[in-house]
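Here is a walk through a structure, going from the make-up of one chain to helix packing and then to a DNA strand. Please keep the viewer open as you read.

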Protein chains: 2
Amino acid sequence: MPKVTPAAGDDEADLCGVLDADLGWALGVLFRSYLKITNAMLADLPGGPRGYQVLASAAGDRAGTQLALAQQLGVDRTVMTYLLDDLERAGLVERRPDPADRRARRVVTTDRGTELLARLTQRLRQAEEHLLGPLEATDRTAFRELLQRVATQIDCLDPAPDACAVVEEVRDAPIPARRRVRT
Amino acid sequence: MPKVTPAAGDDEADLCGVLDADLGWALGVLFRSYLKITNAMLADLPGGPRGYQVLASAAGDRAGTQLALAQQLGVDRTVMTYLLDDLERAGLVERRPDPADRRARRVVTTDRGTELLARLTQRLRQAEEHLLGPLEATDRTAFRELLQRVATQIDCLDPAPDACAVVEEVRDAPIPARRRVRT
DNA sequence: ACAGATCATCTGTCGACCAGAACATCTGTC
DNA sequence: GACAGATGTTCTGGTCGACAGATGATCTGT
């Protein structure tokens with residue numbers, strides 16, 4: 001039987017490139033790098049990078065309730081609670097009772113929060129540019145533009161109507177997956 | 001002293017767009033979406049999406065030792081241990097003693113692993129395309145190309161020589177950050 | 001007024017991740 | 001060849017964040 005040679009001719013071209021062409025890998029690398037830098041940069045800010053996003057989202061107050069805020073940022077609603085706790089304790093945002101619905105709280109930024117947000121935004125922009133360093137200035141803006149487009153579109157139709165259909169096709173892959181046993 | 005007005009004329013234009021223009025937000029949205037889809041799709045595969053990446057990286061065996069593998073994929077080396085445990089138990093990869101260095105293990109894919117990898121790669125490509133759906137075909141490839149370029153470059157010079165310099169500038173932001181108290 | 005749904009919060013539990021120790025092995029020097 | 005220090009892998013313990021479910025307050029419909 002023909003055993004697969006470790007360095008076959010054209011197979012290698014396929015397999016070697018698998019990782020490099022994988023969207024997930026590239027995304028992961030970039031995302032981790034982003035987190036590393038911003039975590040260091042926003043070490044003093046309560047929620048880290050996500051605290052910043054909450055602040056930013058609260059400033060452009062289109063998303064009133066904190067549930068809307070949560071799913072806009074992709075965090076659990078229970079997490080949003082203590083995330084806001086920390087930000088409020090730092091005096092950057094305020095929970096205000098919604099006049100229309102007394103269950104809900106509207107999240108607004110304090111003056112201090114707004115001011116800090118402006119400063120941090122500037123710094124972050126700088127860091128982002130650093131991250132995209134390997135690209136030409138033209139490509140950088142192009143990349144940003146494309147990424148924003150994808151993100152905003154996904155954000156709207158995230159429940160991915162036919163994602164399930166895609167998944168279903170894979171059901172025919174029989175793998176005896178088994179988690180490692182506990183002692 | 002001029003206090004910052006909460007909703008000044010042109011300031012608002014800035015703040016509303018803060019989130020939309022934030023690279024981190026867009027990255028997060030896309031990444032989470034990617035994880036959600038691939039997690040569902042690779043539910044049977046031991047390590048999930050990362051298991052796939054390990055498999056892919058092991059197939060293009062340029063990275064022999066599992067430490068190299070680990071830092072190529074951005075996971076802790078202790079995590080790589082049981083990640084490989086699971087994959088090996090599923091019969092997809094094999095730990096083979098490195099002939100040159102008996103401490104190290106070379107990770108190679110079994111025939112079954114190689115075969116499965118090919119199949120999964122195809123499916124994932126499909127899912128990725130679905131994820132990039134909102135883009136035209138032309139923009140899709142452009143986006144991929146740019147992302148790959150950024151990722152590969154970052155991967156090389158990740159320690160970010162002047163990242164520290166960027167961080168240092170922020171030291172002047174006095175924030176009384178305080179974690180929530182335990183009862 | 002009442003039943004069911006919804007928002008925010010609290011609690012408990014579970015799994016992942018990371019630092020550090022331990023073991024086996026390599027590399028250099030003498 | 002023998003030793004000291006460095007390196008690859010695995011194991012262990014502690015810590016932290018995330019998600020499920022229950023709870024209290026409030027809204028909406030009938």
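Chain A holds eight helices and two strands, where helices (H or I, at least four residues) and strands (E, at least two) are DSSP runs numbered from the N terminus. Read from the N terminus, its elements follow the order α-α-α-α-α-β-β-α-α-α. This is a predicted model, in which local features need pLDDT of at least 70 and side-chain atom pairs count only at pLDDT 80 or more, while totals for chains, interfaces and linings use all residues. Residues are numbered from 1 along each chain as its sequence is written, and chains are lettered from A and ligands numbered from 1 in the order in which they are written.

Chain A has 183 residues, of which 34% count as buried; that takes 20 or more other C-beta atoms within 10 Å of the residue's own, with C-beta atoms placed from the backbone. Among contacts in chain A with a separation of 6 or more, 42% join residues 24 or more positions apart. A contact here is a pair of residues whose C-beta atoms, placed from the backbone, lie within 7 Å.

Now turn to a helix pair in chain A. The axes of H3(A) (residues 49–59) and H4(A) (residues 66–73) come within 11 Å and cross at roughly 125°. H3(A) is therefore oblique to H4(A), the class left over once angles under 35 degrees (roughly parallel), over 145 (roughly antiparallel) and 65 to 115 (roughly perpendicular) are set aside. On the H3(A) side, Arg50(A), Gln53(A), Val54(A), Ser57(A) and Ala58(A) meet Leu69(A), Gln72(A) and Leu73(A) of H4(A). By class, this contact has four nonpolar, three polar and one charged residues; Ala, Val, Leu, Ile, Met, Phe, Trp, Tyr, Cys and Pro count as nonpolar, Asp, Glu, Lys and Arg as charged, and the others, Gly among them, as polar.

Chain B offers another pair: the axes of H3(B) (residues 23–41) and H7(B) (residues 111–131) come within 11 Å and cross at roughly 150°. Here Ser33(B), Tyr34(B), Ile37(B), Thr38(B) and Met41(B) meet Arg123(B), Leu124(B), Ala127(B) and Leu131(B). This contact has six nonpolar, two polar and one charged residues.

Which residues are the closest to DNA strand D? They are Arg102(A), Leu67(B), Thr78(B), Thr81(B) and Ala104(B), out of 16 that surround the strand, each with its C-beta atom, placed from the backbone, within 6 Å of it. H5(A) (77–89), H5(B) (66–73) and H6(B) (77–89) are the elements that give two or more residues to this surface. H6(B) gives the most, with three residues. By class, the surface has three nonpolar, five polar and eight charged residues.

How values were computed: Axes fitted to C-alpha atoms, helices over the stretch in contact; angles between N-to-C directions. Contact = placed C-beta atoms within 7 Å. Buried ≥ 20, exposed ≤ 12 C-beta atoms within 10 Å, placed from the backbone.
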